[in-house]
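Colleague: I am new to this structure. Please take one part of the model and walk me through it closely.

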Amino acid sequence: MADHTQTTDRGLGLGLLLGAVAILGALVMLTTAPQIEAAWGFAAAMVFGSLAIVAMHVYWD
């Protein structure tokens, strides 16, 4: 019997999706004038950027 291995691009897809959200957070950080909104944008950029890297490492085949 032949063994079939199936690979997916889930790591790449999740990495790209979370990376896009991280870029949106960075844009929020750059475009908002009050400091609290800029801080939330920075936090979103850092969290989703980190999650993008984790997703690539976890699901990469």
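Colleague: How does the chain's radius of gyration stand against that of a compact globule of 61 residues? After that, please look closely at α2: which of its residues are buried, and what do they pack against?

Modeller: Keep in mind that this is a predicted model. I will start with the whole chain and then turn to α2.

A compact globule of 61 residues would have a radius of gyration near 10 Å. This chain has 16 Å. Its C-alpha trace spans about 65 × 15 × 10 Å along the principal axes. The chain has 2 helices and 0 strands. Of its 61 residues, 16% count as buried. The chain exposes about 4900 Å², and carbon and sulfur atoms supply 71% of that area.

Now α2 itself. This helix covers residues 35-59. It has 25 residues. From its first C-alpha to its last, α2 reaches 36 Å. That is close to the 36 Å expected at 1.5 Å a residue.

Next, its buried residues. They are A38, G41, A45, A52 and A55. They pack against α1, which covers residues 10-31. A general point about helices helps in reading such a list. An α-helix has 3.6 residues a turn, so residues three or four places apart point the same way.

Contacts across the chain can be viewed by their separation in sequence. Take those with a separation of 6 or more. Residues 24 or more positions apart account for 62% of them.

Three pairs of positions put distances on the picture. Begin with V28, which lies in helix α1. V28 counts as partly exposed, because its relative accessibility is 37%, between the cut-offs of 20% and 50%. Leave aside its neighbours within four places in sequence, and V28 is in contact with E37 and G41. G41 is one of the buried residues of α2. The C-alpha atoms of V28 and W40 are separated by 8.2 Å. Those two residues are 12 apart along the chain.

A39 is in helix α2. It is partly exposed, with a relative accessible area of 41%. A39 and A26 are 13 residues apart along the chain. Their C-alpha atoms are separated by 9.9 Å.

M46 is also found in helix α2. At 45% relative accessibility, M46 counts as partly exposed. Its partner here is V21, 25 residues away along the chain. The C-alpha atoms of M46 and V21 are separated by 10 Å.

Last, look just past the helix. W60 is found in the segment after α2. W60 counts as exposed, because its relative accessible area of 57% is over the 50% cut-off. W60 also belongs to a nonpolar surface patch of about 420 Å². L12, L16 and M56 make that patch together with W60.

To recap: the buried residues of α2 pack against α1, while A39 and M46 are partly exposed. Beyond α2, W60 is exposed.

Conventions: Residues are numbered from 1 along each chain as its sequence is written. This is a predicted model: local features need pLDDT of at least 70, side-chain atom pairs count only at pLDDT 80 or more; totals for chains, interfaces and linings use all residues. Side-chain values use heavy atoms; hydrogens and water are left out. Patches are made of residues with over 30% relative accessible area and no salt bridge: like charges are joined within 9 Å, nonpolar side chains (Val, Leu, Ile, Met, Phe, Trp, Tyr) within 5 Å. Accessible areas come from the Shrake-Rupley method with a 1.4 Å probe; for residues, only the protein chains shown count as cover. A salt bridge is a side-chain nitrogen of Lys or Arg within 4 Å of a carboxyl oxygen of Asp or Glu. Helices (H or I, at least four residues) and strands (E, at least two) are DSSP runs, numbered from the N terminus. Buried means under 20% relative accessible area, exposed over 50%, partly exposed in between (1.4 Å probe, protein chains only). The radius of gyration is taken over C-alpha atoms; the globule rule is 2.2 Å times the number of residues to the power 0.38. Contact means heavy atoms within 4.5 Å. The expected span of a helix is 1.5 Å times one less than its number of residues.
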